[in-house]
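Trainee: Got a few minutes to go through this one with me? I'd like to ask questions and have you reason through the answers.

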Amino acid sequence: MLAFKRFSIGTIWTWLCVFALLPLILVILTSFLTSDINHLVKFPATFANYGQLFNDAYLRILLQSIYLAASCTLICLIIGYPFAFIIARNKSRFRPLLLLLVIIPFWTSSLIRTYAIMAILKTKGILNSALLAMGIIHHPLHILYSYTAVLIGTSYDLLPFMILPLFANIEKLDSTYIDAARDLGASKIRTFIKIIIPLTLSGIISGSILVFLPAMTMFFIPILLGGAKNLLLGNLIENQFLTANNWPMGAAISIFVTLLMCSMIFLYWKSKNKSLTE
Amino acid sequence: MSNIIEIKGVSKHFGDDQALHNINLNIKNGEFLTLLGPSGCGKTTLLRILSGFETANSGTILLSGKDVTDIPPEERHVNLVFQNYALFPHMTVFENVAFGLRCKHTPLIEINERVNNMLNMVKLNKFAIRKPHQLSGGQQQRVAIARAVINEPIVLLLDEPLSALDYHLRRNMQIELKDLQRRLGITFVFVTHDQEEALSMSDRVAVMHAGCIDQLGTPRDVYEEPCNVRVAKFIGQANIFDTKIVHTTQKTIQVEIEGEIFTLKNSDEFAVDENVHIVIRPEDIEVWGKTEIKDTTGMLPGIVEQVIYKGSTVDLIVRLHSGRSVSATQFFNEDDENLEYDLHEKVWVKWMPGWEVTLRHMDTE
């Protein structure tokens, strides 16, 4: 038994060291080197790559990515919260089915689902045909290859990551708190704002982190749905490695984004610990 | 005293489950009324109907003369203290207590003043900025009461509020609650399954069983004059002999208990051949050693089976000849300073005629 335990833990350790830790170290090292056309990278070591991050073009891309990720998180929250609330408080027999509907998209590759969205949004796609047929619009809408399309695609793709933690959290909410608020004369809106939201805040934050972080660096959705127009962090990194062949710069951007995300998770973790010990 | 709540013909069922059968109950202004009964008797359902969280299937409820049957809880002028307190965990003690006033858009200065006064009253002013989980069970209990009472409800409803506390704290809180009720002059409707709690705190007790009120009366009434054998069994301990009346006069009845004929008080126009329960409280039973008495008429012989020393009393279980056992509580007093009984000692058991309660069999028996 002990041997098996050691073996299984050892395997995972080795696996992670070889395929996660080692590449990460390589990326960190690369980010301090200089780009070279023949050998990909060369000495001398330098901080220049990190210095370049602060030029206007990169900062604009960073802000755009944050803006997209924030919008996407907000959309997921607005759509996901009522949905999670209803299925979590609903004790009917449809509950497992409703939850299954949230999970089913995971069974298909998100790339394929993005193509499906293209089929819906494109100029002669399902959405436009339907709207034209119903006479609501007279000229097809140009949604595909726009910021809106990217936003729709990202929100759709990440919605389950918002719903599942919210569901888990709302399900645990003790309904006597809601009863107590009503007993004390609180209206439905006050009960929601003062009681339900604060008591499900950890679910809201978990869901938001799970949506915000991938939304920051998602690169195939902006390519497929945004055309080449919307350059975001994910695309920038991909570009640096594959098109510009500037590996050190790509590595530096990657490390910067990783640090940004780590600091956000760290802040969340700190605030969670603080609220527990308070 | 006028009626603050009038419950008229209230029935409630959950599916096929009849929780309340045609309840009629008037609650007087300023009284401490307890709904007492075993779990599932409908006492909590009745309380939730009073608070507005459940609606009765039929019947009406008047709150200081106004029909509130269909008024939702947030608009009723009553407040409920929840069994698990339901203090908002993310708010401080101050914010919890202030919640009701904020809902009514009370001016900030007034909120500050009233909350501080209320916290002083329940001796929690030092804990105003703490969160509920930093308080002990008794302190949480006081916050829950303060949070409800600050809204100056016409009636305060309490749903087994002491059940989560340990024995000593519960005794202290009973006294504190009773004291608070006197000072505030608010009507309390208290739900409990603990008969001792009900007797020690209430002005009146409504003993409930299976969705009906069996008896409504002062604690002394329900203890000393239970209306049926179920109430007698539920409230306090009771030795109950089932027997038949063999002879009656206007003032007395004669029954046979354990082969002995006893002449007892005719308290309710009993007739010959009626089946009755003779209820005798343990503290009314005297236990005498063989050597202590000479005349054994009206006494039953038995053997001491258990001796339980309780400090101020000694509880005995005596097995009678027929095999049934009787429990007796003996007090230390001047007549009998050392209550010493040996296990398996032969003793004589008696009670003062007239201290027993004679009850007719119930229809359901």
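Mentor: Sure, and keep in mind that this is a predicted model. Let's start with strand 7 (residues 155-159) of chain B, which is joined to strand 8 (residues 187-192) of chain B by 5 bridges, the two strands running parallel.

Trainee: Okay, so which residue in strand 8 of chain B stands opposite Asp159(B)?

Mentor: Strands of a sheet pair through backbone hydrogen bonds, either parallel or antiparallel. Here the pairing of strand 7 with strand 8 of chain B is parallel. Opposite Asp159(B) in strand 8 of chain B you'll find Val191(B).

Trainee: What is the strand order of the open sheet in chain B, and which are its edge strands?

Mentor: The open sheet has 6 strands with mixed pairing, in the order 6-7-8-3-9-10. An edge strand pairs on one side only, and that picks out strand 6 (78-81) and strand 10 (212-217) of chain B.

Trainee: And how many degrees does the twist average from one strand to the next?

Mentor: We're still on that open sheet of 6 strands in chain B. Going from one strand to the next, the twist averages 20 degrees.

Trainee: Which helix lies across strand 6 and strand 7 of chain B?

Mentor: Look for a helix running at about 170 degrees to strand 6 of chain B. The one that lies across both strands covers residues 137-149 of chain B, and that's helix 4.

Trainee: Leu157(B) falls in that part of the chain too. Which core residues have the most contacts inside the largest nonpolar core?

Mentor: That core has 101 residues. Take Leu157(B): beyond its neighbours within four places in sequence, its contacts include Leu47(B), Val78(B), Leu80(B) and Val189(B). The residues with the most contacts inside the core are Val97(B), Ala146(B), Leu157(B) and Val189(B).

Trainee: How many residues are in the second, separate core?

Mentor: This one includes Leu62(A), Leu159(A), Ile163(A) and Leu233(A). Its count is 42 residues.

Trainee: Over to the hairpin of strand 12 and strand 13 of chain B: which residue in the turn has a positive phi?

Mentor: Strand 12 (residues 252-257) and strand 13 (residues 260-265) of chain B run antiparallel, joined by 6 bridges, and Ile257(B) stands opposite Glu260(B). The hairpin has 2 residues between its strands. The turn residue with a positive phi, about 55 degrees, is Glu258(B).

Trainee: Is His321(B) buried or exposed?

Mentor: His321(B) sits in the loop between strand 17 (313-320) and strand 18 (325-331) of chain B. Its C-alpha atom is 7.8 Å from that of Glu258(B), 63 residues apart along the chain, and the two residues are in contact. Still, a residue with 12 or fewer C-beta neighbours within 10 Å is called exposed; His321(B) has 11, so it counts as exposed.

Trainee: Which residues of strand 20 of chain B form its covered face?

Mentor: Strand 20 (residues 357-360) of chain B has an uncovered face made of Thr358(B) and Arg360(B). Arg360(B) stands opposite Val276(B), in a pairing where 4 bridges join strand 14 (residues 275-280) of chain B to strand 20, running antiparallel. The covered face is Val357(B) and Leu359(B).

Trainee: Last one: which element of chain B gives the largest share of the side that touches chain A?

Mentor: In all, 17 residues of chain B are in contact with 15 residues of chain A. Strand 6 and helix 2 (93-103) of chain B each supply at least two residues of that side of chain B. The largest share, 3 residues, comes from helix 2 of chain B.

Methods:
Residues are numbered from 1 along each chain as its sequence is written. Chains are lettered from A and ligands numbered from 1 in the order in which they are written. This is a predicted model: local features need pLDDT of at least 70, side-chain atom pairs count only at pLDDT 80 or more; totals for chains, interfaces and linings use all residues. A nonpolar core is a set of buried Ala, Val, Leu, Ile, Met, Phe, Trp, Tyr and Cys residues joined through C-beta atoms within 7 Å. A residue is buried if 20 or more other C-beta atoms lie within 10 Å of its own, exposed if 12 or fewer, and partly exposed in between; C-beta atoms are placed from the backbone. Two residues are in contact if their C-beta atoms, placed from the backbone, lie within 7 Å. Two strands pair if DSSP finds at least two bridges between them. Axes are lines fitted to C-alpha atoms, for helices over the stretch in contact, and angles run from 0 to 180 degrees between N-to-C directions.
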